[in-house]
Amino acid sequence: MVPTLTWDDSFVPDRGRVLGAADLDAITRFYRYTDEDVDFVTPRTLPGVDPKGAYFTRGSGHDQYGAYTEVPDQYQEVVDRSH
């Protein structure tokens, strides 16, 4: 029903804008939902690169700094950042 997967070890996925250790060292604090690029995508970090970059946010409302919020305008700002 499903074709056999043929894995290509040379494949490198496009992970978008990812901040590395040097990038994180150059900033005071990393905020997951700020500094969007021209496509309105914010940078990410990969686990284990630097403690400053490790980030977890609950799935419900958060503001642009990743802090929990139930304030509709703060949440809406994150949702509408592409406008």
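Entry 1: Gly48. I started with Gly48, which sits in the loop between E2 and H2. The model is a predicted one, and I kept that in mind throughout. I looked up whether Gly48 is buried or exposed. Gly48 is exposed, because its relative accessible area is 77% and the cut-off for exposed is over 50%. I then took a distance across the chain. Gly48 and Ala21 lie 27 residues apart in sequence, and their C-alpha atoms are 9.6 Å apart in space.

Entry 2: Val49. I moved on to Val49, also found in the loop between E2 and H2. Val49 has a relative accessible area of 35%, so I noted this residue as partly exposed. Which residues does Val49 touch, not counting those up to four places away in sequence? I found Gly20 and Ala21. For Gly20 I also noted the C-alpha to C-alpha distance to Val49, which is 6.6 Å with their positions 29 residues apart in sequence.

Entry 3: the chain as a whole. I stepped back to see where these residues belong. The chain has two helices and two strands. I read their order along the sequence as β-α-β-α. Strand E1 covers 18–19, helix H1 covers residues 21–25, strand E2 covers 44–45 and helix H2 covers 72–79. The chain has 83 residues, and 19% of them count as buried. I also checked the contacts in the chain with a separation of 6 or more, and 44% of them are between residues 24 or more positions apart. The chain exposes about 6700 Å², of which carbon and sulfur atoms supply 54%.

Entry 4: confidence. I looked up how sure the predictor is. The mean pLDDT of the chain is 81, and 89% of the residues score at least 70. Which element has the lowest mean pLDDT, and which the highest? I found H2 at the low end with 83 and H1 at the high end with 89. A reminder to myself: where pLDDT is low, predicted coordinates should not be read in detail.

Entry 5: before E1. I turned to the segment before E1, where Gly16 is found. Gly16 counts as exposed because its relative accessible area, 52%, is over 50%. I noted that Gly16 and Arg44 are 28 residues apart in sequence, with 8.0 Å between their C-alpha atoms. Trp7 also has its place in the segment before strand E1. Trp7 is at 60% relative accessibility, so I put this residue down as exposed. I then asked which residues form a nonpolar patch on the surface with Trp7. They are Leu5 and Phe11, and the three together have about 430 Å² of accessible area.

Entry 6: Thr69. I went back to the loop between E2 and H2, this time at Thr69. Is Thr69 buried or exposed? Thr69 is buried, because its relative accessible area of 7% is under the 20% cut-off. I listed its contacts, leaving aside neighbours within four places in sequence, and wrote down Gly61, His62, Asp63, Gln74 and Tyr75. I also found the side chain of Thr69 reaching the backbone nitrogen of Val71 at 3.0 Å.

Entry 7: Tyr65. My last residue was Tyr65, found in the loop between E2 and H2. With a relative accessible area of 41%, Tyr65 is partly exposed. I looked up what its side chain meets and found a polar contact of 3.2 Å to the side chain of Gln64. I also noted Arg32, which is 33 residues from Tyr65 along the chain, with the two C-alpha atoms separated by 6.5 Å.

Entry 8: recap of the loop between E2 and H2. I set four residues side by side. Gly48 is exposed, Val49 is partly exposed, Tyr65 is partly exposed and Thr69 is buried.

Definitions and conventions:
Residues are numbered from 1 along each chain as its sequence is written. This is a predicted model: local features need pLDDT of at least 70, side-chain atom pairs count only at pLDDT 80 or more; totals for chains, interfaces and linings use all residues. Side-chain values use heavy atoms; hydrogens and water are left out. Helices (H or I, at least four residues) and strands (E, at least two) are DSSP runs, numbered from the N terminus. Buried means under 20% relative accessible area, exposed over 50%, partly exposed in between (1.4 Å probe, protein chains only). Contact means heavy atoms within 4.5 Å. Accessible areas come from the Shrake-Rupley method with a 1.4 Å probe; for residues, only the protein chains shown count as cover. Patches are made of residues with over 30% relative accessible area and no salt bridge: like charges are joined within 9 Å, nonpolar side chains (Val, Leu, Ile, Met, Phe, Trp, Tyr) within 5 Å. A salt bridge is a side-chain nitrogen of Lys or Arg within 4 Å of a carboxyl oxygen of Asp or Glu. A polar contact is a pair of N or O atoms within 3.5 Å; within protein, one must be able to donate a hydrogen and the other to accept it, and residues adjacent in sequence count only if both atoms are side-chain atoms. pLDDT is the predictor's confidence in each residue, from 0 to 100.
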